[in-house]
Amino acid sequence: MKMNRRGFIKACGVMTGYAVLGLNLTKEAVAASMDFVGLRQKSVYDADANPKIYKLRKSQDNPMIKKIYDPKDGFLHEGPCGHMSHHLLHTHYNDRSARVAALKANGFKLKF
Amino acid sequence: MKQIEGVMYQTNAPKGIDPDSIFFVQVDATKCQACGNCEEACATGAIQSINDDGIRQVVDPAACMNCGQCLINCPYDAIYEGVSYVDEVFEKLKDPNTVVVSMPAPAVRYGLGECFGAATGTYVGGKMHAALRQLGFDYIWDNEFTADVTIMEEGTELIQRVGEQGKKGARPLPQFTSCCPGWVKFAETFYPDLMPNLSSCKSPIGMLGPLAKTYGAHETETPAKNIYTVSIMPCIAKKYEGLRPELADSGFRDIDATINTRELAYMIKAAGINFNSLPSQAPDPILGDSTGAATIFGNSGGVMEAALRLAYEVLSGKKLSDPTIKVVRTHEGINAADVDVPGFGTVKVAVASGLDNAAKLCDEVRAGKSPYHFIEVMTCPGGCVNGGGQPLDPDVRASLFKSTVAQINKRFRARTVSA
């Protein structure tokens, strides 16, 4: 296909237009979505600092925390990381790398 | 399939199935417009083009961390959820022999209101508790209580790890947080050599399930076998976590069902409850009361700040007069900070928002070059408030014009130019 000088310049202009416009809009879209998240984040910190919503701001001050860890008759009386804690509240992890290794061996490209 | 707050759901409630075999999110090929937003949002590359037309699919559940960032960034409503317990929860609420327990996460109360017309981020915690009572939940317990328990356990673990350095059999530093189920699966999948660095603490919901069926059962004189626990999350990956076979330490399944913020909004609407006119109500005590340290778990940097509010007081023996520790608050990216604790020294911490950022910190740890004591990771950029189970950002779908231009732009950039 032959293209004259005028047509070439026009095509360049259109392509530049799309590139600039698109780039800005994509940036805007990402920024807008993080603004949205920012509004929720701000509300979380406002609630934390609002004594009408949360009277106390430290976990160790929660009266129900004091009750459950009470050294005398608390359910977790041995304290954090004690025997009962380890039984109920702690866990172990499992190596799950084999299946992604198999995927990669089959030609799938992953980001890690 | 059922439409819930603009998202399609398959209404199956799996039991005793290996969660690694389930697609928790998947693309409806008939709705996919090949724009590629999901692929860009996906940290691992699990969602990718499967044909020349650019139609995307989650290629294998093993590569998917179930975070749902693809879903909330899809402008075409093309990504659906594979698991929903909504029908089963409704049945259990009707059953007089079942004692149904609510366990909502911190971030739910900052998103739920949006489904009822409130401004983005409006706090509706009190109304949420009232709505759960009206739905018929027998105990209004709250996952924020176990966020406080998590701080006690994970903070103590960190102090122990710091103390045992140099001794035989010492657990390694840095210690990573283990609250986020997407991150935990990511570490198990891509960095299994760093599993000893992960805190052994279960997530707050992993703690509330067994506490409800042991301590809660005892305190309320309820037979544990009658208790049905409903985890309510801003998250899709929590559905995977709830199905982990090892989470059965109470002698029963610790977590019976997991729903997300959108599904709770649907249940409230389906039950005909007028959410906006509800009074503000408190949760039930024992496993319901919480602090500001618990609610900030919903934000990236929140677990870190909450843990520091404990670590400072334990390590220094002094009272922290102002609990606000702004330096660790994270909107996006990686945030590193040195926190001076009198009588101890400097606590070096880092917060990663998003798995691509977490991977950078993991590579440092793997290379033995990580200077940190404690690292928090959240899979979703910004934290749980931006979770895959939260109400959708209206802007993502509002303007098809924007997404069309983004699509043209994407194709333009993707064109290969031969020199």
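## A walk through chains A and B

Start with a residue: select B:E305, which is buried, with a relative accessible area of 0%. Keep in mind as you go that this is a predicted model.

**The partner of B:E305.** Now add B:R309. The side chains of these two meet in a salt bridge, 2.7 Å from N to O. Show helix α11 (residues 302-316) of chain B as well: B:R309 and B:E305 are four residues apart in that helix, so about one helical turn separates them. B:R309 counts as buried too, at 0% relative accessibility.

**A linked set of charges.** Next, select A:R96, B:D20, B:K185, B:E188, B:R244 and B:E246 together. Salt bridges that share partners join these residues into one network.

**A pair between two helices.** Move on to B:E263 and B:K239, whose side chains meet in a salt bridge at 2.9 Å, N to O. Colour helix α9 (residues 261-270) and helix α8 (residues 237-242) of chain B: B:E263 is in α9 and B:K239 in α8, so the pair ties together parts 24 residues apart in sequence. Are these two buried or exposed? B:E263 counts as buried at 0% relative accessibility, and B:K239 counts as buried at 1%.

**All of chain B.** Zoom out and show chain B as a cartoon. You should find 14 helices and 14 strands. The radius of gyration of chain B is 21 Å, close to the 22 Å the globule rule gives for 419 residues, so chain B is as compact as a globular protein of that length. Turn the C-alpha trace around and you'll see a span of about 65 × 60 × 40 Å along its principal axes. Of the 419 residues in chain B, 64% are buried. If you draw contacts within chain B with a separation of 6 or more, 75% of them come from residues 24 or more positions apart.

**Where chain B meets chain A.** Bring chain A into view. How many residues of chain B are in contact with chain A? There are 105, and they touch 60 residues of chain A. The area buried between the two chains is about 7200 Å², with carbon and sulfur atoms giving 61% of it. To see which residues of chain B lose the most area to chain A, select B:E153, B:Y215 and B:H331; together they make up 8% of what that side buries.

**Polar links across the interface.** Switch on polar contacts between the chains: 44 residue pairs turn up, both residues at pLDDT 80 or more. Then highlight helix α5 (residues 143-164) of chain B, which supplies ten residues, the largest share of the side of chain B that touches chain A. By class, that side has 46 nonpolar, 29 polar and 30 charged residues.

**Salt bridges between the chains.** Seven salt bridges run between chain B and chain A. One to pick is A:R99 with B:D60, where the closest N and O atoms are 3.1 Å apart. Over all chains, the whole structure has 34 salt bridges.

**Last stop.** Select B:E114 and A:R40, whose side chains form a salt bridge at 2.6 Å, N to O. This pair crosses between chains, from B:E114 in the loop between β7 (99-104) and α4 (125-135) of chain B to A:R40 in helix α1 (residues 5-48) of chain A. Both ends are out of the open: B:E114 counts as buried at 16% relative accessibility, and A:R40 is buried with a relative accessible area of 1%.

How values were computed. Residues numbered from 1 in each chain as written. Chains lettered and ligands numbered in written order. Predicted model: local features only at pLDDT ≥ 70, side-chain atom pairs only at ≥ 80, totals over all residues. Heavy atoms only, no water. Contact = heavy atoms within 4.5 Å. Buried area = accessible area lost by both parts, 1.4 Å probe. Salt bridge = Lys/Arg side-chain N within 4 Å of Asp/Glu carboxyl O. Polar contact = N/O pair within 3.5 Å; in protein donor to acceptor, adjacent residues only side chain to side chain. Nonpolar A, V, L, I, M, F, W, Y, C, P; charged D, E, K, R; others polar. Buried < 20%, exposed > 50% of the residue type's maximum accessible area, 1.4 Å probe, protein only. Rg over C-alpha atoms; globule rule 2.2 N^0.38 Å.
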